[in-house]
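Please open the model in your viewer and keep a selection panel at hand. The tour goes from one selection to the next, with a short account of what is there at each stop.

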Amino acid sequence: MLIVGAGIIGLSIALELHNRGARVLVLERDTALAHASTAAAGILAVHDPHNPPALLPLSQLSAQLYPAFLASIEQLSGIAVPFHTDTTLQYFQNGTTSQLAERSLDPRQLATALLAAVRASGIELRERCEFHPAGAPTAPAVIYATGAWTIPTTPGELDHTLPVRPRKGQMLRVQLPPALHGLREVHRSDAIYIVPRTLGPNAGSALIGATVEDAGFDTSTHPRDLTHLRTLAAVLLPALASENDAPQLEAWAGLRPHTPDRLPVLGPLESGSRHFLATGHYRDGILLAPATAVLLADLVEDNPPALDLTPYSPARFTSS
């Protein structure tokens with residue numbers, strides 16, 4: 001099997017196919033897990049009220065698969081990936097709040113373990129290797145998991161009809177002040193989220209994010225935008241307002257693969273095709289990786305998928 005793209009989605013699919021006995025080759029134009037996969041906050045936002053309703057079944061399936069997904073990675077890599085929180089406090093515009101059972105993890109910890117698992121498995125991973133359809137290795141199936149870079153890497157007429165575009169997100173990580181040392185839950189509104197890191201090397205800090213920008217493939221950060229994010233975060237947790245009390249530790253920007261309906265694109269390019277798409281996960285790539293891996297592996301093996309994939313089919317964009 002040939003997978004184009006070595007982000008969280010591509011490598012999760014590779015590992016699932018390998019575990020089912022397939023021989024897998026992954027091609028990556030840059031380095032593995034270098035983009036959206038490690039720029040994410042890591043909220044497994046199953047119940048985010050701003051998600052499209054059609055995303056819920058896929059989100060629920062993926063959350064159910066997560067413990068087995070992490071166990072499989074740990075078995076191969078020897079690296080455990082912990083959950084940092086198990087609760088989200090959701091703020092609504094009418095002033096009410098709701099406590100949601102959602103977990104979060106650190107995508108950087110996940111990336112380290114996943115890459116180690118892939119290397120330990122014997123999956124062939126070729127980094128800094130551009131994919132060219134005409135010269136691609138022969139494979140029984142090709143899966144495109146190229147995220148925001150979907151347009152220039154998919155073959156044929158689909159290059160100009162699949163509306164997956166980068167949507168930039170800036171984020172910062174701050175040291176938690178003494179007043180918030182006991183922070184153990186995600187705080188989220190329609191404008192901002194605050195995600196504490198409770199374990200590992202970044203324990204005692206929190207992520208604040210994220211902007212949503214149409215900025216092409218630009219990944220620069222800007223002090224004005226980061227200051228605005230901190231101001232929004234202080235509305236929820238006032239102790240984060242001051243740079244002196246909660247100093248910035250780092251800042252970065254990632255590129256989310258966005259579609260017009262904010263749903264992923266999962267399935268064959270056309271009926272009967274052995275070329276498949278697994279992209280467009282927008283803000284939920286970390287959450288949706290386990291379910292995407294299982295569903296794409298089922299499609300490749302011609303097994304009935306566990307979910308109706310019609311809402312996520314490429315045909316919704318490519319049909320005339």
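What follows is a walk through helices, aromatic rings, charged side chains and backbone features of a predicted model.

**The kinked helix and its partner**

Begin by selecting residues 285-300, which form helix α7, and look at alanine 291, where a kink of about 35° is centred. If you colour by accessibility, α7 should appear mostly covered, since 15 of its 16 residues are buried.

Keep α7 on display and add residues 8-19, helix α1, which packs against α7 at an angle of about 45°, with the two axes 8 Å apart. That angle makes α1 oblique to α7, and the crossing of α1 past α7 is right-handed.

Next, move just beyond the helix to aspartate 302, which follows α7 and has a positive phi. Aspartate 302 belongs to the loop between α7 and α8, the latter being residues 315-318, and its phi is near 60°, a positive value in a residue other than glycine. For context, most residues other than glycine have a negative phi. Aspartate 302 is exposed, with a relative accessible area of 62%.

**A second positive phi, and a ring pair in one region**

Now select arginine 128, in the loop between β7 and β8, where phi is again positive, near 50°, in a residue other than glycine. Arginine 128 has a relative accessibility of 61% and therefore counts as exposed.

Turn then to the aromatic side chains, for which a search of the whole structure finds 4 pairs. One of them is formed by phenylalanine 131 and tyrosine 144, whose arrangement is edge-to-face, with 5.7 Å from centre to centre and 75° between the planes. The two partners are 13 residues apart and the pair links distant parts of the chain, with phenylalanine 131 in the loop between β7 (124-126) and β8 (142-144) and tyrosine 144 in strand β8 itself. Are the two residues of this pair buried or exposed? Phenylalanine 131 has a relative accessible area of 9% and is therefore buried, and tyrosine 144, at 0% relative accessibility, counts as buried too.

**Rings in a cluster, and charges over rings**

Select Tyr66, Phe69 and Phe83 together, and you will see a cluster linked by ring pairs. Stay with phenylalanine 83 and add arginine 103, whose charged end sits over the ring of phenylalanine 83, 4.3 Å from its centre. For another arginine placed over a ring, select arginine 108 and tryptophan 252: the arginine lies over the face of tryptophan 252, at 4.7 Å from the ring centre.

**The loop between β12 and α6**

The last stop is the loop between β12 (205-209) and α6 (223-236), in which threonine 221 has its place. Which kind of peptide bond joins glycine 209 and alanine 210? The bond is cis, with omega at about -10°, and alanine 210 is found in the loop between β12 and α6. By way of comparison, most peptide bonds are trans.

Further along, threonine 221 has a relative accessible area of 31% and is therefore partly exposed. To finish, draw a distance between the C-alpha atoms of threonine 221 and alanine 45, which are 176 residues apart in sequence and 25 Å apart in space.

How values were computed
Residues numbered from 1 in each chain as written. Predicted model: local features only at pLDDT ≥ 70, side-chain atom pairs only at ≥ 80, totals over all residues. Heavy atoms only, no water. Bend = angle between axes of the 7 residues up to and from the residue. Helix = DSSP H or I, 4+ residues; strand = E, 2+ residues; numbered from the N terminus. Buried < 20%, exposed > 50% of the residue type's maximum accessible area, 1.4 Å probe, protein only. Phe/Tyr/Trp six-rings, centres within 6.5 Å; stacked < 30°, edge-to-face > 60°. Lys NZ or Arg CZ within 6 Å of the ring centre and 35° of its normal. Axes fitted to C-alpha atoms, helices over the stretch in contact; angles between N-to-C directions. Parallel < 35°, antiparallel > 145°, perpendicular 65-115°, else oblique. Left-handed = near helix turned anticlockwise from the far one by under 90°.
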